[in-house]
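Reader: I would like to go through this model with you step by step, beginning with the contacts between protein and nucleic acid. Could you show the sequence and the structure before we start?

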There are 2 protein chains.
Amino acid sequence: MAKRPADPANAGATAARQVPMRDFSRSLPMSLLRAREAVMRQFRPSLREHGLTEQQWRILRALAAIEAAEVTELARTAFLLGPSLSRILRDLEARNLIERKTAKADLRRSMVSISEKGVKLMASVAPSSEAIYSEITRRYGARKLAELQDMLAELERSLAELGASDEAIAEE
Amino acid sequence: MAKRPADPANAGATAARQVPMRDFSRSLPMSLLRAREAVMRQFRPSLREHGLTEQQWRILRALAAIEAAEVTELARTAFLLGPSLSRILRDLEARNLIERKTAKADLRRSMVSISEKGVKLMASVAPSSEAIYSEITRRYGARKLAELQDMLAELERSLAELGASDEAIAEE
DNA sequence: CGCATTCGCTTAACATGTTAAGTACTTCTC
DNA sequence: GAGAAGTACTTAACATGTTAAGCGAATGCG
């Protein structure tokens with residue numbers, strides 16, 4: 001047990017029982033985390049069977065949809081940070097699932113595209129992946145799912161302009 | 001089941017444009033990931049200023065609310081896997097933010113509690129954290145936020161019974 | 001042209017996510 | 001009451017998240 005300071009105004013452990021900060025399990029980040037985990041738990045086994053991690057799968061999907069892209073663009077699409085993407089691309093390239101070639105106009109940029117082998121791998125994973133998604137949709141309800149996505153999108157929008165660093169350093 | 005089996009010869013990057021899987025950015029895992037990131041982006045700077053990571057903060061909050069807990073219980077509450085928690089507790093203990101003592105009844109178990117110093121640290125972080133949460137609530141709308149949480153909770157429930165294990169029987 | 005600055009990407013370093021294996025202790029069973 | 005089986009936690013190993021620094025290639029400007 002923590003011996004606690006007799007200062008209730010501090011919202012320390014003492015106050016925690018009586019005036020808990022928002023119930024921990026109801027905090028928005030936790031709700032989102034748990035929901036996402038519940039969803040991903042469905043997909044991971046299938047991906048794993050095909051030797052793919054969640055992030056690798058995201059990258060392949062993104063590439064299949066846009067044909068070819070620069071690394072930065074791909075990072076934005078697959079929602080990965082540069083360093084993570086850099087590592088994963090190295091591995092995917094070693095496995096011949098993607099191809100890279102530097103742009104002629106700008107030697108800093110490299111264009112990434114999915115390979116023949118990558119396409120085949122995707123084709124082998126997609127059915128199971130779609131089936132899982134369908135089952136999720138069926139259980140939760142298609143309409144409700146769409147509504148949820150809308151609400152999540154609006155949440156993003158609501159927070160978009162709130163500075164990414166501490167306090168708005170308005171950058172225009 | 002495959003709604004539309006992809007023809008490898010035809011499902012290359014080119015075909016992907018005509019028959020994309022669900023628009024990537026609208027997939028549920030991506031929506032949840034982006035929404036959560038949008039939220040956490042607000043909190044991270046403040047936590048970082050106090051030398052805490054998101055997970056460490058989760059643990060402290062959980063401990064403050066329940067006084068003392070076994071490691072396994074704490075893992076469930078803070079939604080962390082055992083190995084992650086084990087490492088973090090080691091670090092938090094080294095920083096004297098938590099205390100550990102093995103239970104007398106069962107020497108395998110150890111009871112974890114927040115320390116005096118941990119309580120003070122929480123007290124110094126909480127105001128800013130609450131302020132951020134309030135701002136998020138204000139922007140998004142309290143009612144809408146509650147509704148979102150409910151929908152997320154139901155999503156969890158919907159998927160709860162879907163096996164976390166098998167699902168991959170297609171192997172023979 | 002010369003050169004500081006910016007840009008695109010990678011590497012580095014550390015913390016966590018994830019799965020598997022290990023360790024120490026408990027309980028069950030005969 | 002000794003071994004088998006289970007439990008609580010930790011370690012290990014690898015992949016990713018996250019921030020900072022590095023590097024080569026453009027770009028801006030004198």
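Reader: How far does a polar side-chain atom of B:Ser86 lie from a phosphate oxygen of DNA strand D?
Author: The model is predicted, and the distance is computed from its atoms. A polar contact requires a pair of N or O atoms within 3.5 Å. The polar side-chain atom of B:Ser86 and the phosphate oxygen of DNA strand D meet that cut-off, the distance between them being 2.8 Å.

Reader: Which residue places an N or O atom of its side chain 2.8 Å from a base nitrogen of DNA strand D?
Author: Of the atoms of DNA strand D within 4 Å of the protein, 63% belong to sugar or phosphate, while the rest belong to bases. On the phosphate side, a polar backbone atom of B:Val71 is 3.3 Å from an oxygen. The base nitrogen, in turn, is 2.8 Å from a side-chain atom of B:Arg108.

Reader: Which helix gives the largest share of the surface near DNA strand D?
Author: In total, 26 residues surround the strand, and by class they comprise eight nonpolar, seven polar and 11 charged residues. Helices of both chains supply at least two residues each, among them H3 (54-66) of chain A and H4 (71-78) of chain B. The largest share, four residues, comes from H5(A).

Reader: Is A:Arg36 buried or exposed?
Author: A:Arg36 sits in helix H2 (residues 28-49) of chain A, and its contacts beyond four places in sequence include A:Glu54, A:Arg58, B:Pro29 and B:Met30. Because its relative accessible area is 12%, and the limit is under 20%, A:Arg36 counts as buried.

Note on methods
Residues numbered from 1 in each chain as written. Chains lettered and ligands numbered in written order. Predicted model: local features only at pLDDT ≥ 70, side-chain atom pairs only at ≥ 80, totals over all residues. Heavy atoms only, no water. Near = heavy atom within 4 Å. Polar contact = N/O pair within 3.5 Å; in protein donor to acceptor, adjacent residues only side chain to side chain. Nonpolar A, V, L, I, M, F, W, Y, C, P; charged D, E, K, R; others polar. Buried < 20%, exposed > 50% of the residue type's maximum accessible area, 1.4 Å probe, protein only. Contact = heavy atoms within 4.5 Å.
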